[in-house]
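This briefing sets out selected features of a single protein chain. Please read it alongside the sequence and the coordinates shown here.

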Amino acid sequence: MTTIHETPAAAVECSGVCLRMKKKTVLDNVSFQIPQGSLTGLLGPNGAGKSSLLRIIAGLAPADSGTVRLFGKPAGVGRLGELSLLPDRGSLPGWLTVRQWLGFARDIYPDWEEAKAQELQRQLSVSGDALISAMSRGEEARLQLLTCLARKAPLVLLDEPFTGIDMISREAISSVVVGELADGERTVLVATHDIREMELLFDRLILLGGGIIRGVEEVEQLRLAGKSVESRYREVFA
């Protein structure tokens with residue numbers, strides 16, 4: 001008897017996604033797939049439409065047309081429990097200490113893993129006594145990532161996680177993100193225009209410029225062709 005192995009559904013599948021805001025085309029017929037267990041870079045300059053696309057994928061904003069599917073099913077607010085979003089320029093309640101915030105997060109996220117949160121707190125060097133309003137941008141970025149990754153959600157969306165933060169924080173964030181992929185159970189999509197920390201870690205690239213897909217690349221294929229992520233980025237956007 002022959003056993004048929006079904007190919008798992010893509011973690012994210014966008015098909016013909018279009019968005020207009022104030023008569024401006026933000027996204028124009030955006031289509032791509034992201035396989036489960038991969039680390040994908042959504043790369044493009046500021047204003048390319050990356051944040052808008054992540055919000056549509058997360059189900060926080062509607063597209064004008066097109067479809068988005070997560071793990072084979074339509075995206076939307078009903079799927080928020082299956083993804084964890086680190087927003088660009090997100091802000092945490094400054095009047096709380098880190099310990100108070102993490103206690104609050106534990107109560108509001110049904111999929112919160114307390115042991116994981118404690119391990120991430122150690123890995124990211126986040127002090128429980130720190131007042132959030134007194135934290136540097138890098139420290140708050142590490143706390144936001146901790147909050148994002150302490151959940152069991154199989155899809156992680158990171159929007160510009162490196163913007164304006166120090167080198168030590170950048171290294172800590174990239175190291176932790178890679179560790180999350182070790183068991184193949186998570187899929188990570190990182191939207192960024194700054195590829196320095198992640199260039200060697202991406203499995204695939206989605207190049208987005210002016211709301212249009214400029215290319216979908218397998219990083220291994222680029223390397224076999226003698227190119228790097230940075231050289232390909234410059235080729236497309238310079």
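**Salt bridges and local environments**

Glu-230 and Arg-234 form a salt bridge in which the closest N and O atoms are 3.1 Å apart. The model is predicted, and the count of salt bridges in it comes to 11. The points below treat several of these pairs, then helix 5, two individual residues and a nonpolar surface patch.

**Helix 7 and its partners**

- Glu-230 and Arg-234 both belong to helix 7, where they are four residues apart, about one turn of the helix.
- Glu-230 counts as partly exposed because its relative accessibility is 34%, whereas Arg-234, at 53%, counts as exposed.
- Glu-217, Lys-227, Arg-232 and Glu-235 are joined into one network by salt bridges that share partners.
- Within this network, the side chains of Arg-232 and Glu-217 meet at 2.7 Å, N to O.
- Arg-232 lies in helix 7 (residues 229-237) and Glu-217 in strand 10 (residues 212-218), so their salt bridge ties together parts that are 15 residues apart in sequence.
- Both Arg-232 and Glu-217 are buried.

**A salt bridge between exposed residues**

- Asp-129 pairs with Arg-99 in a salt bridge, with 2.7 Å between the closest N and O atoms.
- This pair links distant parts of the chain, since Asp-129 is in the loop between helix 3 and helix 4 while Arg-99 is in helix 2 (residues 98-108), 30 residues apart.
- Asp-129 and Arg-99 are both exposed.
- Side chains of opposite charge can pair when their charged atoms come close.

**Helix 5**

- Helix 5 (residues 167-180) has 14 residues, which should span 20 Å at 1.5 Å a residue; the end C-alpha atoms are 20 Å apart, so the two values agree.
- At the N-terminal end of helix 5, Asp-166 acts as a cap, with a side-chain oxygen 3.2 Å from the backbone nitrogen of Ile-168.
- The buried residues of helix 5 are Ser-169, Arg-170, Ala-172, Ile-173, Ser-174, Val-176, Val-177 and Glu-180.
- These buried residues pack against strand 3 (39-43), strand 7 (155-159) and strand 8 (187-192), as well as helix 3 (114-123) and helix 4 (137-149).

**Two buried residues outside helices and strands**

- Ala-11 is located in the segment before strand 1 (12-21), and it is buried because its relative accessible area is 0%.
- Beyond its neighbours within four places in sequence, Ala-11 is in contact with Ile-34, Pro-35, Gln-36, Arg-69, Leu-70, Phe-71 and Thr-187.
- The C-alpha atoms of Ala-11 and Thr-97 are separated by 35 Å, and these residues are 86 residues apart along the chain.
- Asp-111 is in the loop between helix 2 and helix 3, and its relative accessibility of 14% means that it counts as buried.
- The side chain of Asp-111 makes a polar contact of 2.9 Å with the side chain of Arg-151.
- Leaving aside neighbours within four places in sequence, the residues in contact with Asp-111 are Gly-81, Ala-150, Arg-151, Lys-152 and Ala-153.

**Nonpolar surface patch**

- Leu-60, Val-77 and Leu-80 make a nonpolar surface patch of about 240 Å².
- One of these residues, Leu-80, is placed in the loop between strand 5 (73-74) and strand 6 (83-86).
- Leu-80 has a relative accessible area of 32% and is therefore partly exposed.

Methods. Residues numbered from 1 in each chain as written. Predicted model: local features only at pLDDT ≥ 70, side-chain atom pairs only at ≥ 80, totals over all residues. Heavy atoms only, no water. Patch = residues over 30% accessible without salt bridge, like charges linked within 9 Å, V, L, I, M, F, W, Y side chains within 5 Å. Areas by Shrake-Rupley, 256 points an atom, 1.4 Å probe, with all protein chains shown as cover. Salt bridge = Lys/Arg side-chain N within 4 Å of Asp/Glu carboxyl O. Helix = DSSP H or I, 4+ residues; strand = E, 2+ residues; numbered from the N terminus. Buried < 20%, exposed > 50% of the residue type's maximum accessible area, 1.4 Å probe, protein only. Expected span 1.5 Å × (residues − 1). Contact = heavy atoms within 4.5 Å. Polar contact = N/O pair within 3.5 Å; in protein donor to acceptor, adjacent residues only side chain to side chain.
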